[in-house]
Amino acid sequence: MQGITTLAGLGLAGSVLTSCAGSTTGPDGLRRVRLTQAVNSLAYAQNYIAQRAGYFRDVGLAVETVVTDGGGPDVQAVLAGSAGFTINDGGQVITALSGNRRLTAVAATFDRCLVNATISVRTAQRLGIDATTPLPRKLAVLPELRIGVTAPGALTWQIARFNLVGAGADPDSATLVALGGGPAVLAALESDQVDVIYISVPFGEQAVQRGTGLTLIDHSAGEDPTLSRFMMEGLWVRPGDIEEDRESIVGMVTALQRASTFIRTASPEEIADVLQPDFTAFGREVLLAAVERLKGAVPADGRWDATAQATTERVLRTNGLLRPDAPPLASIVEDRFLT
C-alpha cells in the first residue's frame, strides 16, 4: 500500500506542497500521482479502500496521499500545482475558487452530508432530548448550546451555522468553538467543554458507542430534508490537467468508482475488514455503525445531481462564502470519465 502521510510528516506544515504535481512513471511501471485530503476520516473511505484493495495498482497508479490536517492547504496544493488531485467537499473547494483559480470535479464519491451533530448525554438529558425527539425540537435547542466545530469556514462550521439558520437563529450570535481535528472535537464533548459537536463519521459514533454522546442530527441518514443531497466528497483536478494527464485521471476515477461500488454492494463487515487497518483507534462496533451510514451516501453513478449542487450553493450563500466571481457550479463538474 502506498504511504499516507501528513503535511507535517513531510516537513511542510503551514506551507503548500512544493514538489511537482505531474505524474511520473516509476521503475515498477506505475504512474506516481499525489492526492491530498484534509484529515483521516471515513469521508475518504474510497481512497483507503482503493489503496488497501489494490484498485489503484490495478489501473497502473501508485498514489501518494498527503493528509493536510485541515481544510485549506489540501485545496491550495492542487491550485498551486504541487499535487495533482484532492478528494474534497464542494463547500470547501468552491470557497477557494475565483477568476482563473479553478478546479473541476471529475467524480463524486459521496452525495450526502457526512457531518453529523452529536450532543453530550448530560446535555440531552437536561434538555429532555432523546432519539425520538422531532427534528424541529432538536434544531430549536441549538442556539443555547456551546457548539464544537473543527475550524472557522470548515464544513463542520458551515453545517452548524446552516442548522442554526434553519432554527431561525442568527448564527453570528451562537457560540461556535473551533477545536481542531476529530480527536480534539470528540475530547471536547466528552470533557464538557462543549455541548454538541459537528464532525464527520466516525467520531460522533465513537461518543455514542461509549455512552457519552447521542446523535442529535443524523445528516448522513438524510434526517434534515434541507440537506438530503450535498456535494460531500469528490475528486477534483485542475482543468488543464484533464487533457494533459488524462491517463492518470481515468485511472483515478476508475479506481474510486470501483471502491464506491464495493461500499454500496459489500456487507458492512466486509467493508470494515478493509478499513480497519487505517482506523485502528475505532472499535469494531463504531466502525460498523459508521459504515452503515456510508452505504446510503454513495451515488450509484458517481455524479452530484442538481439537488446536491443547489443545496451546496444554498449552504455557501447562507454562510456568506460564495464569492461574487465564483464559477457556476454546473461549470466545474465534468462527468466524461464516468461509466
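## Helix α12 and its neighbours

The buried residues of α12 pack against three other helices: α1 (45-52), α11 (246-265) and α13 (284-295). This is a predicted model, so keep that in mind as you look around. Helix α12 itself covers residues 268-275, and its buried residues are Pro268, Ile271, Ala272 and Leu275.

Where do the buried residues of α12 fall when you look down its axis? They sit within an arc of 100 degrees, so they line one face of the helix. It helps to recall that an α-helix has 3.6 residues a turn, so residues three or four places apart point the same way.

## How α1 meets α11

Two of those neighbours, α1 and α11, also pack against each other. Their axes come within 8 Å and cross at roughly 105 degrees. The two helices are therefore roughly perpendicular to each other.

Which residues make the contact? On the α1 side they are Ala45, Gln46, Asn47, Ile49 and Ala50. On the α11 side they are Ala255, Leu256, Ala259, Ser260, Phe262 and Ile263. Sort the residues of this contact by type and you get eight nonpolar, three polar and no charged.

Helix α11 also holds Gln257. Is Gln257 buried or exposed? With a relative accessibility of 16%, Gln257 counts as buried. Leaving aside residues up to four places away in sequence, Gln257 touches Asp301, Phe337, Leu338 and Thr339.

## Another crossing: α7 and α14

Helix α7 (residues 155-166) packs with helix α14 (residues 306-318) at an angle of about 85 degrees, and their axes are 9 Å apart. That makes α7 roughly perpendicular to α14.

From α7, the contact uses Gln158, Ile159, Phe162 and Val165. From α14, the contact uses Arg314, Val315, Leu316 and Thr318. The mix for α7 with α14 is five nonpolar, two polar and one charged.

## A five-stranded sheet

Now for the strands. Five of them form an open sheet with mixed pairing, in the order β9-β8-β10-β7-β11. Which strands stand at the edges? Those are β9 (175-178) and β11 (213-217), each with a single partner strand, so one side of each is left without a neighbour in the sheet. From one strand to the next, the twist averages 30 degrees.

Strands of a sheet pair through backbone hydrogen bonds, either parallel or antiparallel. Here, strand β8 (residues 146-149) and β9 run parallel and are joined by four bridges. Ile147 stands opposite Leu176 in β9.

## Strand β7, covered on both faces

Why call strand β7 (residues 115-120) largely enclosed by the rest of the structure? Because six of its six residues are buried. One side of β7 carries Val115, Ala117 and Ile119, the other carries Asn116, Thr118 and Ser120, and all of these are buried, which leaves both faces covered.

In the sheet, β7 pairs with strand β10 (residues 196-200) in the antiparallel sense over five bridges. Ile119 has Val196 of β10 as its bridge partner. β7 is also joined to β11 by four bridges, again antiparallel, and there the bridge partner of Ala117 is Ile217 in β11.

## Loops on either side of β10

The loop between α8 (182-190) and β10 is home to Asp192. Most residues other than glycine have a negative phi, and most peptide bonds are trans. Asp192 goes the other way on phi, with a positive value near 65 degrees in a residue other than glycine. Asp192 is partly exposed, at a relative accessible area of 35%.

Gln193 lies in the loop between α8 and β10 too. Gln193 is also partly exposed, with a relative accessible area of 49%. Although Gln193 and Arg146 are 47 residues apart in sequence, their C-alpha atoms are 8.0 Å apart in space. Not counting residues up to four places away in sequence, Gln193 touches Arg146 and Ala188.

Then there is the loop between β10 and α9 (203-210), where Pro202 lies. What is the form of the peptide bond from Val201 to Pro202, cis or trans? That bond is cis, with omega near 20 degrees.

Terms used. Residues numbered from 1 in each chain as written. Predicted model: local features only at pLDDT ≥ 70, side-chain atom pairs only at ≥ 80, totals over all residues. Heavy atoms only, no water. Axes fitted to C-alpha atoms, helices over the stretch in contact; angles between N-to-C directions. Parallel < 35°, antiparallel > 145°, perpendicular 65-115°, else oblique. Contact = heavy atoms within 4.5 Å. Nonpolar A, V, L, I, M, F, W, Y, C, P; charged D, E, K, R; others polar. Pairing = 2+ DSSP bridges. Buried < 20%, exposed > 50% of the residue type's maximum accessible area, 1.4 Å probe, protein only. Arc of directions from axis to C-beta.
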